[in-house]
Amino acid sequence: MTSSPSTSPRNSLDLALISHYPTPQAALAAHNPDMQTLFGTDNLAAYRSYTPALATLSRVYGRETAEAWLEIQLKNLADYSGARDKLNEFQRLQLARVIIGEWGFLRLSELMRFFFRFKAGRYGRFYGSVDPLVITEAICLYQQERLGEIAEIEKEERRAQDEADRAVRDRHHAELHRAAALSGLDRATFIRLWTFNAPDIPPDEFAPIAWLFDL
């Protein structure tokens, strides 16, 4: 693993990643297994905080960095499981490459959420040895959960945005109503005069002179 990015930045996300983590070692240290609890228990942290996708980590710092990050997470899971037979070096590397190839779009935070949930027993257990196929099958199950959870977050975000938009509209209507009252004109006439003559200034500033445009 090199001590600097392996390729020239391709876009603003690459630049932001390098700005936060100038070296591969810094990126690995910031996304170590100790972060699994945060991402495993907080939806927004897992799905909305800025962490790079596995494919981005691979593109910016080199495939060996993404493989090294996964091997760290996999070893942590194997040690936690207490299984007698751990993944050997060949299995860890091959499994890391499969995960990068199949699920490279997942953010590191999302993958750490997966490892946290695996530890919680949501996807079964190992019997005697750490089985790579059990892990990949579990990622498939997690991906289904992930899509549903993201959909719920997006639904809540749309609801919050709708409420914010409605509040803006209500405030605007109240401002127009108040300004119309100040102008001494009926609301429909005031809105027509303001919209046609001075839409770039606040309604309450137009109110005192609105009568001049109703001559």
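In this predicted model, Gln91, Leu95, Val98, Ile99 and Trp103 of helix 7 meet Pro132, Ile135, Thr136, Ile139 and Cys140 of helix 9. Contact here means heavy atoms within 4.5 Å. Sorted by class, the residues of this contact are 8 nonpolar, 2 polar and no charged. The nonpolar class holds Ala, Val, Leu, Ile, Met, Phe, Trp, Tyr, Cys and Pro, the charged class holds Asp, Glu, Lys and Arg, and the others, Gly among them, count as polar. Helices (H or I, at least four residues) and strands (E, at least two) are DSSP runs, numbered from the N terminus.

The axes of helix 7 (residues 89–103) and helix 9 (residues 132–183) come within 11 Å and cross at roughly 20°. Axes are lines fitted to C-alpha atoms, for helices over the stretch in contact, and angles run from 0 to 180 degrees between N-to-C directions. Helix 7 and helix 9 are therefore roughly parallel to each other. Angles under 35 degrees count as roughly parallel, over 145 as roughly antiparallel, 65 to 115 as roughly perpendicular, and the rest as oblique. Their crossing is right-handed; that is, the near helix is turned clockwise from the far one by less than a right angle, while an anticlockwise turn would be left-handed.

Helix 9 also contains Tyr142. Tyr142 has a relative accessible area of 0% and is therefore buried. Buried means under 20% relative accessible area, exposed over 50%, and partly exposed in between (1.4 Å probe, protein chains only). Apart from neighbours within four places in sequence, Tyr142 is in contact with Tyr47, Glu110, Arg113, Phe114, Arg117 and Tyr123. Of these partners, Glu110 is 32 residues from Tyr142 in sequence, and the C-alpha to C-alpha distance between the two is 9.5 Å.

Two further helix pairs are listed below.

| Pair | Angle | Axes |
|---|---|---|
| Helix 6 (residues 63–81) and helix 8 (residues 108–119) | about 10° | 10 Å apart |
| Helix 1 (residues 12–20) and helix 5 (residues 54–61) | roughly 75° | within 11 Å |

The angle in the second row makes helix 1 roughly perpendicular to helix 5. Asp14, Leu17 and Ile18 in helix 1 touch Thr56, Arg59, Val60 and Tyr61 in helix 5. This contact has 4 nonpolar, 1 polar and 2 charged residues.

Helix 6 and helix 8, by contrast, are roughly parallel to each other. Helix 6 passes helix 8 in a right-handed crossing. From helix 6, Trp69, Gln73, Leu74, Asn76, Leu77 and Tyr80 meet Leu108, Leu111, Met112, Phe115, Phe118 and Lys119 of helix 8. The residues of this contact divide into 9 nonpolar, 2 polar and 1 charged.

The protein chain as a whole has 11 helices and 0 strands. Its radius of gyration is 27 Å, well over the 17 Å that the globule rule gives for 215 residues, so the chain is more spread out than a compact globule. This radius is taken over C-alpha atoms, and the globule rule is 2.2 Å times the number of residues to the power 0.38. Along its principal axes the C-alpha trace spans about 90 × 40 × 25 Å. Buried residues make up 38% of the 215 residues. Among contacts between residues at least 6 apart in sequence, 68% join residues at least 24 apart.

Residues are numbered from 1 along each chain as its sequence is written, and side-chain values use heavy atoms, with hydrogens and water left out. As the model is predicted, local features need pLDDT of at least 70 and side-chain atom pairs count only at pLDDT 80 or more, while totals for chains, interfaces and linings use all residues.
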